[in-house]
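Good morning, and thank you for making time for this presentation. Please look at the structure as it comes up, and I shall then guide you through it.

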Amino acid sequence: MKTLRGYVKEAEEKSVAIGHFNISNMEGLHAIYNAAKKLNVPVIIGVSEGEEAFVGREEAVALICAFRKKDDYPIFLNADHHTSFETVKKAIDAGFDAVIFDGAKLSFEENVKITKQCVEYARNVIKVTGKDILVEAELGYIGTGSDIKDTIPEGAGVLTKPEEAKKFTEMTGIDMLAPSVGSIHGLIKSGKPHINTKLVAEIKKVTGIPLVLHGGSGLHDEDFTNAIKAGVSIIHINTEIRIAYDEALKKSLASNPNEVAPYKILQPAVDAMEKVVANRLKLFNGMK
Ligand code: G3H
Ligand code: ZN
(Lines give C-alpha, C1' and ligand atoms only; values in the text may rest on other atoms or scores of the structure.)
(Ligands and ions follow the chains in the order given, each with its own letter.)
Protein backbone atom coordinates (compact mmCIF):
# COMPACT_ATOMS: atom_id res chain seq x y z
CA MET A 1 0.00 0.00 0.00
CA LYS A 2 1.19 3.54 -0.79
CA THR A 3 1.85 6.00 2.02
CA LEU A 4 -0.53 8.93 2.55
CA ARG A 5 2.02 11.12 0.73
CA GLY A 6 1.73 8.72 -2.23
CA TYR A 7 -2.07 8.89 -2.23
CA VAL A 8 -2.03 12.69 -2.06
CA LYS A 9 0.37 12.77 -5.01
CA GLU A 10 -1.91 10.42 -6.91
CA ALA A 11 -4.90 12.68 -6.16
CA GLU A 12 -2.92 15.67 -7.49
CA GLU A 13 -2.05 13.80 -10.68
CA LYS A 14 -5.59 12.54 -11.26
CA SER A 15 -7.13 15.91 -10.36
CA VAL A 16 -9.37 14.43 -7.68
CA ALA A 17 -9.49 15.10 -3.94
CA ILE A 18 -9.19 12.77 -0.98
CA GLY A 19 -12.10 13.16 1.45
CA HIS A 20 -11.18 14.05 5.04
CA PHE A 21 -13.97 13.41 7.55
CA ASN A 22 -13.95 14.00 11.31
CA ILE A 23 -15.11 11.50 13.87
CA SER A 24 -16.20 11.65 17.50
CA ASN A 25 -17.01 7.98 17.91
CA MET A 26 -16.95 4.48 16.45
CA GLU A 27 -20.24 5.04 14.63
CA GLY A 28 -18.67 7.83 12.59
CA LEU A 29 -15.63 5.72 11.82
CA HIS A 30 -17.74 2.79 10.63
CA ALA A 31 -19.86 5.09 8.48
CA ILE A 32 -16.85 6.73 6.80
CA TYR A 33 -15.04 3.44 6.31
CA ASN A 34 -18.13 1.76 4.81
CA ALA A 35 -18.64 4.61 2.36
CA ALA A 36 -14.99 4.74 1.26
CA LYS A 37 -14.67 0.96 0.98
CA LYS A 38 -17.79 0.62 -1.20
CA LEU A 39 -16.38 3.26 -3.57
CA ASN A 40 -12.82 1.94 -3.26
CA VAL A 41 -11.23 5.33 -2.62
CA PRO A 42 -8.62 6.34 -0.03
CA VAL A 43 -9.93 8.29 2.94
CA ILE A 44 -8.60 10.37 5.83
CA ILE A 45 -10.12 10.36 9.29
CA GLY A 46 -9.63 13.56 11.27
CA VAL A 47 -9.79 14.28 14.96
CA SER A 48 -9.58 17.81 16.29
CA GLU A 49 -8.11 18.35 19.77
CA GLY A 50 -11.63 18.05 21.25
CA GLU A 51 -12.54 14.96 19.22
CA GLU A 52 -9.17 13.41 20.05
CA ALA A 53 -9.71 13.96 23.77
CA PHE A 54 -13.10 12.24 23.53
CA VAL A 55 -12.03 9.28 21.36
CA GLY A 56 -8.60 8.92 22.97
CA ARG A 57 -5.34 9.68 21.17
CA GLU A 58 -3.79 6.22 21.28
CA GLU A 59 -7.23 4.65 20.84
CA ALA A 60 -7.77 6.59 17.61
CA VAL A 61 -4.42 5.37 16.27
CA ALA A 62 -5.21 1.77 17.24
CA LEU A 63 -8.65 1.96 15.60
CA ILE A 64 -7.39 3.34 12.31
CA CYS A 65 -4.53 0.78 12.27
CA ALA A 66 -7.05 -2.02 12.85
CA PHE A 67 -9.24 -0.85 9.96
CA ARG A 68 -6.21 -0.39 7.69
CA LYS A 69 -4.87 -3.82 8.53
CA LYS A 70 -8.16 -5.69 8.30
CA ASP A 71 -8.61 -5.22 4.54
CA ASP A 72 -5.24 -3.69 3.68
CA TYR A 73 -7.23 -0.52 3.07
CA PRO A 74 -5.90 3.05 2.60
CA ILE A 75 -7.45 4.78 5.60
CA PHE A 76 -5.29 7.37 7.39
CA LEU A 77 -5.44 9.43 10.57
CA ASN A 78 -4.95 13.19 10.79
CA ALA A 79 -4.53 15.38 13.87
CA ASP A 80 -6.88 18.12 12.71
CA HIS A 81 -6.48 21.75 13.85
CA HIS A 82 -3.94 21.18 16.60
CA THR A 83 -3.09 24.49 18.11
CA SER A 84 0.29 24.00 19.77
CA PHE A 85 3.61 22.31 19.09
CA GLU A 86 2.98 20.14 22.18
CA THR A 87 -0.30 18.64 20.90
CA VAL A 88 1.16 18.15 17.41
CA LYS A 89 4.15 16.35 18.97
CA LYS A 90 1.87 14.12 21.04
CA ALA A 91 -0.08 13.13 17.92
CA ILE A 92 3.12 12.37 15.99
CA ASP A 93 4.48 10.32 18.88
CA ALA A 94 1.21 8.39 19.10
CA GLY A 95 1.46 7.36 15.43
CA PHE A 96 -0.78 9.75 13.44
CA ASP A 97 -0.16 9.81 9.66
CA ALA A 98 -0.62 13.56 9.32
CA VAL A 99 -0.86 16.63 11.53
CA ILE A 100 -2.18 20.15 11.12
CA PHE A 101 -0.66 22.95 13.08
CA ASP A 102 -3.36 25.61 13.13
CA GLY A 103 -1.72 28.95 13.69
CA ALA A 104 -4.31 30.85 11.68
CA LYS A 105 -5.01 33.22 14.55
CA LEU A 106 -1.32 33.94 15.20
CA SER A 107 0.86 36.57 13.59
CA PHE A 108 2.62 35.48 10.38
CA GLU A 109 5.96 35.30 12.26
CA GLU A 110 4.59 33.26 15.16
CA ASN A 111 2.75 30.93 12.76
CA VAL A 112 5.99 30.38 10.81
CA LYS A 113 7.97 29.75 14.02
CA ILE A 114 5.70 27.02 15.44
CA THR A 115 4.94 25.45 12.05
CA LYS A 116 8.69 25.14 11.44
CA GLN A 117 9.10 23.46 14.81
CA CYS A 118 6.40 20.90 13.85
CA VAL A 119 8.01 20.24 10.46
CA GLU A 120 11.46 19.76 12.01
CA TYR A 121 10.03 17.35 14.56
CA ALA A 122 8.28 15.29 11.85
CA ARG A 123 11.45 15.21 9.73
CA ASN A 124 13.41 13.95 12.70
CA VAL A 125 10.87 11.19 13.29
CA ILE A 126 11.23 9.90 9.75
CA LYS A 127 15.02 9.77 10.23
CA VAL A 128 14.69 7.78 13.44
CA THR A 129 11.65 5.57 12.80
CA GLY A 130 11.15 5.70 9.03
CA LYS A 131 7.54 6.88 9.49
CA ASP A 132 6.63 9.64 7.05
CA ILE A 133 4.24 12.15 8.62
CA LEU A 134 2.66 14.89 6.54
CA VAL A 135 2.62 18.34 8.10
CA GLU A 136 -0.05 20.84 7.09
CA ALA A 137 -0.42 24.45 8.22
CA GLU A 138 -3.04 27.18 7.90
CA LEU A 139 -2.72 30.67 6.53
CA GLY A 140 -5.63 33.09 6.47
CA TYR A 141 -8.65 32.75 8.74
CA ILE A 142 -11.86 30.82 8.00
CA GLY A 143 -13.34 30.82 11.52
CA THR A 144 -13.60 27.91 13.93
CA GLY A 145 -16.10 25.24 14.93
CA SER A 146 -18.00 22.59 12.98
CA ASP A 147 -21.40 23.86 14.03
CA ILE A 148 -24.44 25.71 12.71
CA LYS A 149 -24.02 29.47 12.46
CA ASP A 150 -26.58 32.08 11.43
CA THR A 151 -24.10 34.24 9.58
CA ILE A 152 -20.37 34.40 8.85
CA PRO A 153 -18.59 35.15 12.14
CA GLU A 154 -16.80 38.49 12.60
CA GLY A 155 -13.27 38.37 11.35
CA ALA A 156 -13.64 35.08 9.43
CA GLY A 157 -12.99 34.95 5.70
CA VAL A 158 -9.62 36.70 5.66
CA LEU A 159 -8.34 35.43 2.30
CA THR A 160 -4.78 34.13 1.92
CA LYS A 161 -2.46 36.28 -0.17
CA PRO A 162 -0.52 34.23 -2.76
CA GLU A 163 2.79 36.01 -2.04
CA GLU A 164 2.40 35.29 1.70
CA ALA A 165 1.53 31.66 0.95
CA LYS A 166 4.71 31.33 -1.12
CA LYS A 167 6.88 32.90 1.58
CA PHE A 168 5.21 30.82 4.31
CA THR A 169 5.71 27.57 2.38
CA GLU A 170 9.36 28.32 1.68
CA MET A 171 10.09 29.39 5.26
CA THR A 172 8.42 26.40 6.92
CA GLY A 173 8.95 23.48 4.54
CA ILE A 174 5.35 22.24 5.05
CA ASP A 175 3.97 19.38 2.99
CA MET A 176 0.48 20.82 2.47
CA LEU A 177 -1.21 24.18 2.94
CA ALA A 178 -4.74 25.04 4.03
CA PRO A 179 -5.40 28.49 2.60
CA SER A 180 -8.44 30.68 3.14
CA VAL A 181 -10.12 30.81 -0.27
CA GLY A 182 -13.76 31.53 0.50
CA SER A 183 -15.01 28.71 2.69
CA ILE A 184 -15.88 29.12 6.37
CA HIS A 185 -15.87 26.45 9.09
CA GLY A 186 -19.35 25.18 9.90
CA LEU A 187 -22.73 25.41 8.22
CA ILE A 188 -23.82 28.99 7.60
CA LYS A 189 -27.62 29.39 7.54
CA SER A 190 -27.41 32.53 5.40
CA GLY A 191 -25.21 30.62 2.91
CA LYS A 192 -21.52 30.31 2.24
CA PRO A 193 -19.59 32.44 -0.20
CA HIS A 194 -18.36 30.74 -3.37
CA ILE A 195 -14.81 29.43 -3.51
CA ASN A 196 -12.43 31.85 -5.17
CA THR A 197 -11.01 29.38 -7.68
CA LYS A 198 -8.71 31.93 -9.27
CA LEU A 199 -7.11 32.41 -5.87
CA VAL A 200 -6.81 28.63 -5.36
CA ALA A 201 -5.00 28.33 -8.73
CA GLU A 202 -2.66 31.24 -7.91
CA ILE A 203 -1.75 29.81 -4.50
CA LYS A 204 -1.21 26.37 -6.01
CA LYS A 205 1.05 27.84 -8.68
CA VAL A 206 3.27 29.81 -6.32
CA THR A 207 3.51 27.20 -3.55
CA GLY A 208 3.68 24.07 -5.72
CA ILE A 209 2.39 21.90 -2.85
CA PRO A 210 -0.93 20.10 -2.31
CA LEU A 211 -3.70 22.38 -1.07
CA VAL A 212 -6.35 21.41 1.48
CA LEU A 213 -9.84 22.89 1.50
CA HIS A 214 -11.35 23.23 4.98
CA GLY A 215 -14.90 24.18 5.88
CA GLY A 216 -16.50 21.99 3.23
CA SER A 217 -19.97 21.66 4.76
CA GLY A 218 -22.67 23.50 2.86
CA LEU A 219 -20.58 24.37 -0.19
CA HIS A 220 -22.13 23.94 -3.63
CA ASP A 221 -21.08 20.97 -5.76
CA GLU A 222 -19.50 23.28 -8.37
CA ASP A 223 -17.40 24.93 -5.67
CA PHE A 224 -15.86 21.55 -4.88
CA THR A 225 -15.29 20.55 -8.50
CA ASN A 226 -13.86 23.97 -9.40
CA ALA A 227 -11.59 23.95 -6.34
CA ILE A 228 -10.29 20.48 -7.26
CA LYS A 229 -9.62 21.59 -10.84
CA ALA A 230 -7.74 24.61 -9.48
CA GLY A 231 -5.46 22.53 -7.25
CA VAL A 232 -7.17 21.26 -4.09
CA SER A 233 -6.15 17.68 -3.20
CA ILE A 234 -7.88 17.10 0.17
CA ILE A 235 -11.32 18.33 1.31
CA HIS A 236 -12.54 18.50 4.92
CA ILE A 237 -16.14 17.79 5.89
CA ASN A 238 -17.40 17.69 9.46
CA THR A 239 -20.60 19.64 10.26
CA GLU A 240 -22.69 17.80 7.64
CA ILE A 241 -21.80 14.46 9.28
CA ARG A 242 -22.56 15.81 12.76
CA ILE A 243 -25.98 17.02 11.60
CA ALA A 244 -26.76 13.67 9.93
CA TYR A 245 -25.84 11.84 13.15
CA ASP A 246 -27.81 14.19 15.36
CA GLU A 247 -30.98 14.15 13.24
CA ALA A 248 -30.98 10.37 12.70
CA LEU A 249 -30.29 9.64 16.35
CA LYS A 250 -33.04 11.94 17.60
CA LYS A 251 -35.48 10.35 15.14
CA SER A 252 -34.41 6.84 16.12
CA LEU A 253 -34.87 7.56 19.83
CA ALA A 254 -38.24 9.22 19.27
CA SER A 255 -39.63 6.46 17.07
CA ASN A 256 -38.41 3.55 19.24
CA PRO A 257 -38.92 4.74 22.82
CA ASN A 258 -38.69 1.21 24.24
CA GLU A 259 -35.49 0.23 22.46
CA VAL A 260 -32.44 0.12 24.75
CA ALA A 261 -29.82 -1.66 22.61
CA PRO A 262 -27.33 1.03 21.51
CA TYR A 263 -26.39 -0.86 18.36
CA LYS A 264 -30.05 -0.82 17.27
CA ILE A 265 -30.66 2.78 18.30
CA LEU A 266 -27.48 3.95 16.56
CA GLN A 267 -27.68 2.04 13.27
CA PRO A 268 -29.82 4.72 11.53
CA ALA A 269 -27.24 7.32 12.57
CA VAL A 270 -24.44 5.23 11.00
CA ASP A 271 -26.50 4.87 7.81
CA ALA A 272 -27.24 8.59 7.66
CA MET A 273 -23.57 9.51 8.08
CA GLU A 274 -22.52 6.94 5.49
CA LYS A 275 -24.89 8.50 2.96
CA VAL A 276 -23.44 11.98 3.47
CA VAL A 277 -19.86 10.70 3.19
CA ALA A 278 -20.60 8.57 0.10
CA ASN A 279 -22.15 11.54 -1.75
CA ARG A 280 -19.19 13.76 -0.98
CA LEU A 281 -16.66 11.05 -1.90
CA LYS A 282 -18.33 10.48 -5.26
CA LEU A 283 -18.10 14.17 -6.04
CA PHE A 284 -14.50 14.53 -4.86
CA ASN A 285 -13.42 11.50 -6.88
CA GLY A 286 -15.21 12.41 -10.10
CA MET A 287 -17.76 9.56 -9.84
CA LYS A 288 -21.41 9.76 -10.85
O1 G3H B 1 -11.27 20.54 9.76
C2 G3H B 1 -12.49 20.37 9.64
C3 G3H B 1 -13.22 20.99 8.58
O4 G3H B 1 -12.60 22.02 7.97
C5 G3H B 1 -14.68 20.85 8.54
O6 G3H B 1 -15.40 21.98 8.13
O7 G3H B 1 -17.41 21.61 9.52
O8 G3H B 1 -17.44 23.19 7.58
O9 G3H B 1 -17.33 20.75 7.20
P10 G3H B 1 -16.99 21.88 8.12
ZN1 ZN C 1 -10.87 22.65 9.23
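Let me begin with the largest cavity, whose lining is made up of Glu138, Leu139, Gly140, Tyr141, Ile142, Ala178, Pro179, Ser180 and His214. Two or more residues of this lining come from each of strand 5 (134–139) and strand 7. Helices (H or I, at least four residues) and strands (E, at least two) are DSSP runs, numbered from the N terminus.

Before going further, I should state the basis: this is a predicted model, in which local features need pLDDT of at least 70 and side-chain atom pairs count only at pLDDT 80 or more, while totals for chains, interfaces and linings use all residues. Residues are numbered from 1 along each chain as its sequence is written, chains are lettered from A and ligands numbered from 1 in the order in which they are written, and side-chain values use heavy atoms, with hydrogens and water left out.

What do we mean by a cavity? On a 1 Å grid over the protein atoms alone, a cavity is a set of points where a 1.4 Å probe fits but cannot get out, whereas a pocket is an open set with protein on both sides within 12 Å along at least five of seven lines; lining residues have an atom within 4 Å of a point. Grid points are joined across faces, edges and corners, and a volume is the space filled by probe spheres set on the points. By this rule there is 1 cavity of 30 Å³ or more, and the volume of the largest cavity is about 40 Å³. Its lining residues comprise 5 nonpolar, 3 polar and 1 charged. Here Ala, Val, Leu, Ile, Met, Phe, Trp, Tyr, Cys and Pro count as nonpolar, Asp, Glu, Lys and Arg as charged, and the others, Gly among them, as polar.

I turn now to the largest pocket, with a volume of about 410 Å³. It is lined by 30 residues, of which His81, Asp102, Thr144, Gly145 and His185 are the closest to its centre. At least two lining residues are supplied by each of helix 3 (49–55), strand 3, strand 10 (232–237) and helix 10 (239–255). By class, the pocket lining contains 5 nonpolar, 18 polar and 7 charged residues.

Next, the metal site. Which protein residues are donors to the zinc ion (ligand 2)? They are His81 (NE2), His185 (NE2) and His214 (ND1), at 2.0 to 2.1 Å from the ion. Donors are N, O and S atoms within 2.8 Å of the metal (3.2 Å for Na, K and Ca); water is not among the atoms, so sites may look incomplete. Along the sequence, the donor residues follow the spacing H-x103-H-x28-H. His81 lies in strand 3 (residues 75–82) and His185 in the loop between strand 7 (176–179) and strand 8 (187–188), so this pair ties together parts that are 104 residues apart in sequence.

His81 deserves a further word. It is buried, with a relative accessible area of 15%; buried means under 20% relative accessible area, exposed over 50%, and partly exposed in between (1.4 Å probe, protein chains only). His185 is also buried. The phi angle of His81 is near 45 degrees, a positive value in a residue other than glycine.

Ligand 1 has 16 residues around it, and Asp80, Ser146, Gly215, Ser217 and Thr239 come nearest; a residue is near a molecule if one of its heavy atoms lies within 4 Å of it. Polar side-chain atoms of two zinc donors also approach oxygen atoms of ligand 1: that of His81 lies 3.0 Å away, and that of His214 lies 3.2 Å away. For His236, a side-chain N or O atom is 2.9 Å from an oxygen atom of this ligand.

Finally, consider Asp97, in the loop between helix 5 (85–94) and strand 4 (98–101). Is Asp97 buried or exposed? Asp97 is buried, with a relative accessible area of 7%. Its side chain makes polar contacts with the side chains of Arg68, at 3.2 Å, and Lys131, at 2.9 Å. A polar contact is a pair of N or O atoms within 3.5 Å; within protein, one must be able to donate a hydrogen and the other to accept it, and residues adjacent in sequence count only if both atoms are side-chain atoms.

Thank you for your attention.
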